[in-house]
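Subject: Structure for you to look at

Hello,

Here is the structure I promised to pass on. Please open it alongside this message, and my notes follow below.

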Amino acid sequence: MQTPVLLDRRSFLARSTLGLGALALGQLLGGTALGATGRPAGPDFKPRAKRVIYLFQAGGPSQLELFDYKPHLLAQFNANLPDSVRMGQRITGMTSGQARLPVAPSQFGFSRCGHSGMELGDLLPFTQKIADEICLVRSLHTDAINHDPAITFVQTGSQQPGRPSIGAWLDYGLGSENENLPSFVVLISVPASGTADQGLLSRLWGSGFLPSRYQGVQLRGGVEPVLFLNNPAGMDRAARRQWLDTLDELNRKTLAKAQDPEIETRIAQYEMAFRMQTSMPELMDLSKEPDSTFALYGDSARQPGSFAANCLQARRLAERGVRFIQLYHRGWDHHGKLPERIKVLTKDVDQASAALVMDLKQRGLLEDTLVVWGGEFGRTVYCQGGLTNSDYGRDHHGRSFSIWMAGGGVKSGLTYGKTDDFSFNISENPVDVHDLQATILACLGLDHERLTYRFQGRQYRLTDVSGRVVNGILA
């Protein structure tokens with residue numbers, strides 16, 4: 001049901017520069033972002049998970065070094081990528097001008113791990129220890145070929161900006177389990193090398209055309225995780241409460257007159273900020289965590305803003321009922337010096353990622369928490385730039401890449417999907433980005449075809465007009 005926006009004559013003339021033309025345009029567009037479906041919050045069927053922790057590795061981790069073992073490529077060193085493998089498929093402008101596309105085998109080994117015998121790269125010794133807890137998907141693919149559209153696609157279901165992020169969709173569809181913390185929280189870290197790599201735009205955790213109350217809240221490392229949350233000088237908590245009550249009264253009078261849902265959002269956010277003044281310091285205070293916790297996550301967990309510290313905070317947020325916890329770690333765009341640079345990144349994330357899974361399990365939270373680890377695409381089997389015995393780089397590759405998932409209703413110890421001999425094309429059980437999104441929603445009890453919002457005369461959804469639940473990976 002569409003919510004009308006009611007304006008008196010003076011307000012209409014003051015806010016409109018097009019007069020009756022604005023009204024006509026609104027009719028032609030079939031409504032605005034204010035028109036929701038009226039869908040009540042809650043699952044469509046029994047959920048496997050209550051929350052998601054998404055460990056997003058921005059830049060495109062190389063599946064060839066980490067997840068997709070191709071030992072026969074050692075015999076193909078410096079050979080041209082066969083035309084029968086590429087089949088004329090497009091590649092980026094960074095390598096399309098190269099005279100040849102030489103095959104670059106990985107310099108790093110793999111091991112069979114756990115009772116499942118899952119093959120995982122030796123760069124991930126801690127992840128190898130949780131092989132029987134994770135589901136490795138080797139057959140993900142995407143249409144995007146460059147970072148911004150690829151990350152936007154994974155996070156919002158569209159390569160074009162402006163759509164709600166997956167966390168916003170989940171908040172809209174399910175609501176919150178903790179009234180004192182946001183339902184959707186974002187934490188960003190940088191590599192230990194100090195190089196942030198590509199930037200991350202806040203629209204990746206934005207609400208798009210959903211009401212802005214559903215956008216993610218970014219927590220910063222350090223003593224002030226949320227800016228301007230503390231009371232200003234000279235104002236105590238009682239005075240702040242009185243000030244908010246007065247502001248609330250004024251906002252509600254304006255809401256009654258204008259019927260603008262964004263005013264409701266403003267009211268809700270002021271109240272959330274007031275409650276977070278007491279909940280946030282307790283959340284960010286790690287002093288009561290035992291030494292065994294830091295031994296599990298690694299020493300860097302004591303450094304605010306590190307990936308390990310953010311993984312520990314993710315567990316604490318999960319304990320407190322936060323619905324969607326998004327971690328971003330940058331620096332995986334290895335066009336050159338891959339052997340040197342990937343060791344820095346894996347050291348940053350390997351222990352903490354595995355620790356998070358083990359920590360959730362020992363606290364009884366893994367069974368209803370879905371953990372997702374992966375980036376926006378993979379890397380090419382052929383080298384970008386010069387190839388030597390000790391050095392190489394890899395270009396973007398969306399035709400096949402790998403992610404892993406754990407807990408929250410997915411099968412453990414399973415390797416799903418296969419690629420060809422060059423990790424270039426998928427040979428078994430392809431999974432596209434909308435399939436992944438549909439499956440994540442299904443784990444939380446949401447039918448991706450029913451989770452919709454009406455905007456500009458059309459029902460939109462995270463998975464656009466496609467997507468299927470990958471039942472083969474569900475427990």
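A good place to begin is a charge over a ring: Arg302 lies over the face of Phe294, 4.0 Å from the ring centre. Arg458 does something of the kind with Tyr460, its charged end sitting over the ring at 4.1 Å from the centre. Please keep in mind that this is a predicted model.

For the overall picture, the protein chain has 13 helices and 17 strands. Of its 475 residues, 53% are buried. Among contacts with a separation of 6 or more, 78% are between residues 24 or more positions apart. The chain exposes about 20,600 Å², and carbon and sulfur atoms supply 52% of that area.

Aromatic pairs

Tyr460 also turns up in a cluster held by ring pairs, along with Trp169, Tyr172, Phe209, Tyr214, Tyr453 and Phe455. In total there are 16 aromatic pairs. One of them joins Phe67 and Trp373 edge-to-face, with 5.5 Å from centre to centre and 75° between the planes. Phe67 is in the loop between α3 (63–66) and α4 (83–86) while Trp373 is in strand β8 (residues 369–374), so this pair ties together parts 306 residues apart in sequence. Both Phe67 and Trp373 are buried.

Within the cluster, have a look at Trp169 and Phe209: their ring centres are 6.4 Å apart and their planes stand at 80°, so this pair is edge-to-face too. Trp169 belongs to helix α7 and Phe209 to the loop between β5 (184–189) and β6 (217–219), which puts them 40 residues apart. Trp169 counts as buried at 1% relative accessibility, and Phe209 is buried as well, at 6%.

Salt bridges

The whole structure has 22 salt bridges. Arg163 and Asp464 form one of these, at 3.8 Å from N to O. The partners are 301 residues apart: Arg163 is in the loop between α6 (147–156) and α7 (166–174), and Asp464 is in the segment after β17 (458–461). Is each partner buried or partly exposed? Arg163 has a relative accessible area of 17% and is buried, whereas Asp464, at 23%, is partly exposed; the cut-off for buried is under 20%.

Asp333 and Arg379 make another salt bridge, their closest N and O atoms being 3.1 Å apart. Asp333 lies in the loop between β7 (324–330) and α12 (338–362), and Arg379 is 46 residues away in strand β9 (residues 378–383). Both ends are buried, with relative accessible areas of 9% for Asp333 and 1% for Arg379.

Glu289 and Arg316 also pair, with the closest N and O atoms 2.7 Å apart. Here the loop between α9 (261–284) and α10 (291–297) supplies Glu289, and helix α11 (residues 307–319) supplies Arg316, 27 residues apart. Both residues are buried. They belong to a salt-bridge network that also takes in Glu282, Arg315, Glu319, Arg320, Asp359 and Arg363.

Helix α11

This helix deserves a look of its own. Of its 13 residues, 12 are buried, so α11 is largely enclosed by the rest of the structure. The buried residues include Phe307, Cys311, Leu312 and Leu317, as well as Arg315 and Arg316. At 1.5 Å a residue, α11 should span 18 Å, and its end C-alpha atoms are indeed 18 Å apart. Just after the helix, Gly321 has a positive phi of about 85°.

Happy browsing, and best wishes!

Conventions: Residues are numbered from 1 along each chain as its sequence is written. This is a predicted model: local features need pLDDT of at least 70, side-chain atom pairs count only at pLDDT 80 or more; totals for chains, interfaces and linings use all residues. Side-chain values use heavy atoms; hydrogens and water are left out. A salt bridge is a side-chain nitrogen of Lys or Arg within 4 Å of a carboxyl oxygen of Asp or Glu. Helices (H or I, at least four residues) and strands (E, at least two) are DSSP runs, numbered from the N terminus. Buried means under 20% relative accessible area, exposed over 50%, partly exposed in between (1.4 Å probe, protein chains only). The expected span of a helix is 1.5 Å times one less than its number of residues. Contact means heavy atoms within 4.5 Å. Accessible areas come from the Shrake-Rupley method with a 1.4 Å probe; for residues, only the protein chains shown count as cover. Rings of Phe, Tyr and Trp (its six-membered ring) pair if their centres lie within 6.5 Å; planes under 30 degrees apart count as stacked, over 60 as edge-to-face and the rest as tilted. A charge sits over a ring if NZ of Lys or CZ of Arg is within 6 Å of the ring centre and within 35 degrees of the ring normal.
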